[in-house]
Amino acid sequence: MSDAMAQLRAELGEDAVLLSTRRIAGGVEVTAAQDQDDEPLMIAPDAAPNHRAIPPDLARHNVPPALAHRLAEGRLAVALEKVLGFARLPLGPAPLLLAGPPGAGKTLTTAKLATRLVLAGTPPLLVSADGRKAGAAEQLAAFARVLDLPLAIANGPAALGKALARRAAGQPVLVDLPGCDPFDPASARFLAAMLEVAKGACVLVLPAGLDPDEAAETAGAFRLLGCRHLLPTRLDSARRLGSVLAAAAVGLPLTEAGTGPDASGGLEPLTPEGLAQRLATPVRQERT
């Protein structure tokens, strides 16, 4: 009401005569007169909030309301395909770089993809760009020894460029990038420099179960740095998947998802139908 009165005085002056007030949806309506002017001054209300019910399956997974309303139109699988992007993981001749925040599961995902390529008869070159983190290169080296694969340690753009130049013709390359805080300027610049040298396909590895708003902001920042696909991890243990949908909604097509610790499996392609089934499955209850 105080805002309405202030606007009334600004429009009609201090001599305006207040005739009536009443509450309306989202605000108040004030009727005033000045110099025989019997037309009311209409104070427009704020935009009315969207009170449409969010489908239970989406509400249970903490899907952001705006996104949930877009996904509520028609069958969930059809809406997912329409609103979000789905794509095959870009495992091709160009290097595949796995980026993401610390602890997202990049190294294990790299090992899973390497195992897949070995079983398909196209052994890749493995590159660890996370040699400064204690144990990171050693973890990937252990997988490389089991798979009988070459491993390069490249802790900077120059070393990465030289490692890529030594691969065999047509050999796939998997690059395990260091954990990155995309909101830290130095960390963001380093990631951008690595992507510029590699000239490959960058996939954001992001764990499920995060706060949806945090996931969307993080995914948006990685997209600005050059990531073009999304690979969520921990779908087998996350109780709510709203963060996965929120991250994909920034414009990163969903590819595959980590569903377990097994290096010889533990990845499954994401499809609209499969994701809809996961969203429709009741959230597991805590054990007491």
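**Exercise 1. The whole chain**

What percentage of the 288 residues in the protein do buried residues make up? Then describe the overall make-up of the model.

Solution. The model is predicted.
Step 1. Buried residues account for 44% of the 288 residues.
Step 2. The protein contains 11 helices and 10 strands.
Step 3. Take the contacts with a separation of 6 or more: 69% of them join residues 24 or more positions apart.
Step 4. The exposed area of the protein is about 14900 Å², and 53% of it is supplied by carbon and sulfur atoms.

**Exercise 2. Salt bridges**

How many salt bridges does the count come to? Work through three of the pairs.

Solution. Start from the general idea: side chains of opposite charge can pair when their charged atoms come close.
Step 1. The rule used here asks for a side-chain nitrogen of Lys or Arg within 4 Å of a carboxyl oxygen of Asp or Glu. The count by this rule is five.
Step 2. One pair is E256 with R116, whose closest N and O atoms are 2.6 Å apart. E256 belongs to strand β9 (residues 256-258) and R116 to helix α5 (residues 106-119), so this salt bridge ties together parts that are 140 residues apart in sequence. E256 is buried, with a relative accessible area of 8%, whereas R116 is partly exposed at 31%.
Step 3. A further pair is K199 with E196, with 3.2 Å between the closest N and O atoms. Both K199 and E196 are exposed.
Step 4. In the pair R278 and E268, the closest N and O atoms are 3.5 Å apart. R278 sits in helix α11 (residues 272-280) and E268 in strand β10 (residues 267-269), so the pair links parts that are 10 residues apart in sequence. R278 is partly exposed with a relative accessible area of 25%, and E268 is partly exposed at 29%.

**Exercise 3. The nonpolar cores**

Which residues in the largest nonpolar core touch the most other members?

Solution.
Step 1. The largest nonpolar core has 52 residues, and L71, L80, L177 and L245 touch the most other members.
Step 2. Helix α4 (residues 76-83) gives the largest share of this core, five residues.
Step 3. Now follow L245. Leaving out neighbours within four places in sequence, L245 is in contact with V63, L67, L71, L80, L84, L275 and L279.
Step 4. Another core, of 18 residues, lies apart from the largest one; its members include L98, L113, L174 and L231.

**Exercise 4. The two sides of helix α7**

Which residues of helix α7 (residues 157-165) are buried, and which exposed residues does the face turned away from the buried side carry?

Solution.
Step 1. L160, A163 and L164 are buried in helix α7.
Step 2. Viewed down the axis of α7, the buried residues fall within an arc of 95 degrees, so they line one face of the helix.
Step 3. On the face turned away from the buried side are the exposed residues A158, K162 and A165.
Step 4. The buried residues of α7 pack against strands β4 (125-128), β5 (151-153) and β6 (173-176), and against helix α8 (185-198).

**Exercise 5. Strand β4 and its partners**

Which residues point one way from β4, which point the other way, and how many bridges join β4 to β6?

Solution. In a regular strand the side chains alternate between the two faces of the sheet.
Step 1. In β4, L125 and V127 point one way, while L126 and S128 point the other way. All four of these residues are buried.
Step 2. Strands β4 and β6 run parallel and are joined by four bridges. S128 has D176 in β6 as its bridge partner.
Step 3. Strands β4 and β5 also pair in the parallel sense, over three bridges. The bridge partner of L126 in β5 is L151.

**Exercise 6. A single residue, A221**

Is A221 buried or exposed, and which residues does A221 touch?

Solution.
Step 1. A221 is located in helix α9 (residues 212-225).
Step 2. Buried means under 20% relative accessible area. A221 has 12% relative accessibility, so it counts as buried.
Step 3. Not counting residues up to four places away in sequence, A221 touches P182 and F183.
Step 4. A221 and A188 are 33 residues apart along the chain, and their C-alpha atoms are separated by 9.1 Å.

Notes: Residues are numbered from 1 along each chain as its sequence is written. This is a predicted model: local features need pLDDT of at least 70, side-chain atom pairs count only at pLDDT 80 or more; totals for chains, interfaces and linings use all residues. Side-chain values use heavy atoms; hydrogens and water are left out. Helices (H or I, at least four residues) and strands (E, at least two) are DSSP runs, numbered from the N terminus. Buried means under 20% relative accessible area, exposed over 50%, partly exposed in between (1.4 Å probe, protein chains only). Contact means heavy atoms within 4.5 Å. Accessible areas come from the Shrake-Rupley method with a 1.4 Å probe; for residues, only the protein chains shown count as cover. A nonpolar core is a set of buried Ala, Val, Leu, Ile, Met, Phe, Trp, Tyr and Cys residues joined through side-chain atoms within 4.5 Å. The arc is that of the directions from the helix axis to the C-beta atoms. Two strands pair if DSSP finds at least two bridges between them.
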